[in-house]
Amino acid sequence: MTQSEPVSVEGLTLEEKASLTSGSSTWRTTAVRDVVPAVTVADGPHGVRRQVKGSGGALGLTDSVPATCFPPAVALGSSWDAALARRVGAALAREASALGVDVVLGPGINIKRSPLCGRNFEYFSEDPHVAGVLGAALVAGIQSRGIGACVKHFAVNNQETDRMRISADVDERTLREIYLAAFEHIVREAAPHAVMSSYNKINGVSASENHWLLTRVLRDEWGFDGLVVSDWGAVDDRVAALAAGLDLEMPPTRTDQEIVDAVRAGRLDEAAVTRSAARVAELARRAAGAERFADWDAGAHHDLAREAARGSAVLLKNEHGVLPLSPSARVAVLGEPARTPRYQGFGSSHVVPTRLDSAWDALKDAGPGFGFAAGYRLDGAVDEPLEREAVELAAGADVAVLFLGLPGEAESEGFDRTSIDLPGTQVALLRAVARVCPRVVVVLANGGVVSVAEWESDADAVLEAWLPGQAGGSAIADLLLGVCSPSGRLTETIPKRLADVPSHLHFPGGDGHVAYGEGRYVGYRYYDTLDVDVAYPFGHGLTYSRFEYSDLAVTETGTNEWAVECTVTNAGERAAAEVVQLYAAFDEEHPTRPRHELRGFAKVELEPGAGTRVAFTLTGRDIAWWSVSRGAWRIDAGPFAVEVGASSRDIRLRAGLTAAGDGFADALSRMSTLGEWLDHPVGGPALRERTGTRLADLPPALSALVRGIPLAKFGAFGIGLTPDVVDELVAAVSG
Ligand code: BGC
C-alpha cells in the first residue's frame, strides 16, 4: 500500500471489516490479508513506552524499552513554548519510528479542573487555550514525521476517582468553552491521526458510545477525518460504540462476532462497520507513509530533554537575589530528591529512561563549598539522624538549597489526591533549616500543584521544577547556577488553600455523578472574577531579569478582528525570556462570563537592553460565547477590552475596543420579553407603532419591572396587548 492509493474496504467481507474494528493484541490493530496491515501503538506522551515483547501484559508499566523521558506535560506546558513542544514531538516521533511504533497515544489535554486530579502531571493547563496551542504543537511535531498522534482523553476526564463509571455532568456552554475547546483547536489546527475516547460518561452517556460527541461534534462540526479509538477497556457495548462513531476497540475483547450478528439482525447498519473499517485502513495507510529510522541520537535527545526542562521550571519567588547561586558560596544541598530524582509520574505514561541526571551530580563540582545531606527519607518515615545531619550542614552554609516534593505514591494515574500539602516531615525540615541558615532556596518536584502558603515565608526563593523528565537534575542545576534564566510560567493557579478551588465542593462527586457546578469558572476564570486571593496566579513566573511593556497598538483588520501589538523590553542585566500574555476582558461590573480569558501568548527571548514588537491576532471567535439556544457561537456587539501582561494578575497594558457583533438577532415570539421586543431592530418600532409610548417610555423603576415580562403575559394586564394583537405583531416581524 502506498500513500497515494485510496483506501477501500469494499472488497472485504463483513467479518473482515468487523475484525478491523478491534485490535489483535494490546498494542496492535488487526491486519486483513495483504489488504490492510496492522498498526502498532504505544503510550506516550512524554516518552515512548514500547513494552518488552511478551512481558507484563497491559499492566507491565515499568518494563518498556529505554526511551528518552522528556518532561511530562505539567512541565512542558509550563514552558509556554510551542516551538519547543513541536521539537519534542518530532524527537518522540523519531524514537517511536525506531521502536516500530506507528501511533503515539498522546498528548493528554484534559483541563486541570482540580489540583487533586491524580493525572494532572500528564495534562497541560487549567486553561484550554494553553492546552490547545501546546497540544497542537506536540501533535504537529509527532506527525511531521508521519507518525500518528492520538489526542486523549475525549472528553471531560478530569479526575481519576471512579473514572471508568462516573458521569461528568456539565452544561453545554461549559463543555464548549472549557472542556471541548482544546480538542477543537487541535483537531482543526493539527489534524491528529487519532482521538481516544475517555472512560467516563458525559451527562449520563458513555463517551465511547456518545454519538453527539464522537460524530456530531467531532466529525460533523470540527471536520475530524481520523480514527476514534477507545481508551483501554472503555467500551461496554461494542454495537452502540460503533454506531456512535467509535472506530476501534482497544484492547480487543474478542467480540467481533457481536458486530456481525448485529448487522445480520438489522440492529446495526453495515455502513457504520464499513466506515470504521475504512478509518482503520486509513490509519494503516498513513502509518505506511511514515519516515522510518533505525535509531536516534540518545545524547541529542537527552540534551533536548534538558533544554525542555530548563524552559519549564517556574521561579515562583526570589527574594534578596538569592538566586542564582554564587560558586564561591557555601551551599548546603539538602533533600534526597537532589540525589534520587522524582522526574515523571506513574501509570500508563511511565517511561524507562535512557539515562538519568541528578541535581546533586550536576551541582557537586560547582564550587568548593557545595555539600550534600539527604535530610529525610523518601518513604516519609521520620529519621532524626538524617535530619540532624542536614541541619548541621545548613548551619555552616551561606545558602541551603532544599529539595522537597511529593513522594511517588502520592500521585498517579488511577486515583486522586485528597490534599495538596507537602509531607509534614519535609515542612518540619524546612523550618529547622530556616532557623540556622541565613538564606533558603526550595526546589519543588511534584506533578500536581502543592500548597505553599503554610511554609513559603521560610524560603527566600522557590523554584517549582515539576516532574522534569530524565535530564531534570542537570536542568535544575543550570537554573540554580544561572547558566540560563528561568522562563517557565504557571499554567495552573496555586491557590492559598484547597478550599478556595472553585470545584472544591463538587470534586470528585459521588453516587455515580460529578457535578461541574462551578461551570466555566475554572482556575483563574474564578479567582480573577471574584478577586479571590491566591498564592501565585495563573501565568506567573519570575526570572533573573525584568521586562517592560509599552506601546500597545490595536488595529481593526476586519469585522470583529484586530491586530494587537506591543513592545517588550528586557530592562535587566541578564538574557532571559518573557511570556507575553493576551487576555480578552469583559464587563467587570456585571460578570456574565469570566472577567478575562487568555487568547494568545508568545515567548520571547531577549538580551539585556533589547526590545521587540510582539504581535497577536484577535478574532471574533476569541470573544464569542456558546449559545445553547442557538447551538452556535455568538459574538455580542459592544465594548470589551484587550489586556497584555505577565500573568492574569499582572496586566501591563489595556485598550478598550468595540465589537461589531455577529448581527444575529434572536427571532421574536410571543414569549419574547418586552425588553427583547423593544431592543429588536424590527420588533421595537413595530411595538411602538402599535402601543405608542405607553410601554416604551415608562419611568425607570416601572420599566425595569416590566421589561422582563414576556409579551404574551401582558394580555392579563388589560393594556391592550390582547393575544390577537401579540399574534399580529409576531406575524409582522416574522415576514
Ligand atoms: C489510559 C490511557 C492509555 C491506555 C493504554 C489507559 O488506562 O487511560 O491514557 O493510553 O491506558 O495504556
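Reader: Which side chain does the side chain of Thr567 make a polar contact with?

Author: This is a predicted model, so keep that in mind throughout. Thr567 is found in strand β19, residues 561-570. Its side chain makes a polar contact at 2.8 Å, and the partner is the side chain of Arg613.

Reader: And is Thr567 buried or exposed?

Author: The cut-off for buried is under 20% relative accessible area. Thr567 comes in at 16% relative accessibility, so the residue counts as buried.

Reader: Okay, on to charges. How many salt bridges does a search of the whole structure find?

Author: Side chains of opposite charge can pair when their charged atoms come close. One of the pairs here is Asp225 with Arg286, at 3.3 Å from N to O. Searching the whole structure gives a total of 53.

Reader: Sticking with Asp225 and Arg286, how many residues apart are they?

Author: Asp225 sits in the loop between α7 (211-221) and β8 (227-230). Arg286 belongs to helix α10, residues 270-288. The pair therefore links distant parts of the chain, and the separation is 61 residues.

Reader: Which of the two, Asp225 or Arg286, is buried?

Author: Buried means under 20% relative accessible area, and partly exposed runs from there up to 50%. Asp225 has a relative accessible area of 47%, so Asp225 is partly exposed. At 14%, the buried one is Arg286.

Reader: What about Arg654, which residue does it form a salt bridge with?

Author: The closest N and O atoms of this pair are 3.3 Å apart, and the partner of Arg654 is Glu643. The pair links distant parts of the chain, with Arg654 in strand β26 (residues 650-659) and its partner 11 residues away in strand β25 (residues 638-647). Arg654 is partly exposed, with a relative accessible area of 46%. At 1% relative accessibility, the buried partner is Glu643.

Reader: Which residues do salt bridges that share partners join into one network?

Author: These salt bridges have partners in common, and that sharing makes one network. Its members are Arg119, Glu122, Glu160, Arg163 and Glu413.

Reader: Arg119 again! How far is a polar side-chain atom of Arg119 from an oxygen atom of the ligand?

Author: The ligand has 14 residues around it, and Arg119 is among those that come nearest, along with Asp43, His153, Tyr199 and Asp231. For Asp43, a polar side-chain atom lies 2.4 Å from a ligand oxygen. For Tyr199, a side-chain N or O atom is 2.9 Å from a ligand oxygen. For Arg119, the distance is 2.7 Å.

Reader: How much of the ligand's accessible area does the protein cover?

Author: On its own, the ligand has 310 Å² of accessible area. The shell residues around it divide into five nonpolar, two polar and seven charged. The share of the ligand's area that the protein covers is 93%.

Reader: Zooming out, how far apart are the C-alpha centres of domain 2 and domain 4?

Author: The domain assignment gives domain 1 (15-288), domain 2 (310-511), domain 3 (547-659) and domain 4 (674-734). Between the C-alpha centres of domain 2 and domain 4, the distance is 65 Å.

Reader: Last one: how far apart in space are Leu463 and Val725?

Author: Leu463 is found in strand β14, residues 461-464, and at 1% relative accessibility Leu463 counts as buried. In sequence, Leu463 and Val725 are 262 residues apart. In space, C-alpha to C-alpha, they are separated by 70 Å.

Note on methods
Residues are numbered from 1 along each chain as its sequence is written. This is a predicted model: local features need pLDDT of at least 70, side-chain atom pairs count only at pLDDT 80 or more; totals for chains, interfaces and linings use all residues. Side-chain values use heavy atoms; hydrogens and water are left out. A salt bridge is a side-chain nitrogen of Lys or Arg within 4 Å of a carboxyl oxygen of Asp or Glu. Helices (H or I, at least four residues) and strands (E, at least two) are DSSP runs, numbered from the N terminus. Buried means under 20% relative accessible area, exposed over 50%, partly exposed in between (1.4 Å probe, protein chains only). Domain bounds come from an automatic or database domain assignment. A residue is near a molecule or strand if one of its heavy atoms lies within 4 Å of it. A polar contact is a pair of N or O atoms within 3.5 Å; within protein, one must be able to donate a hydrogen and the other to accept it, and residues adjacent in sequence count only if both atoms are side-chain atoms. Accessible areas come from the Shrake-Rupley method with a 1.4 Å probe; for residues, only the protein chains shown count as cover. Ala, Val, Leu, Ile, Met, Phe, Trp, Tyr, Cys and Pro count as nonpolar, Asp, Glu, Lys and Arg as charged, and the others, Gly among them, as polar.
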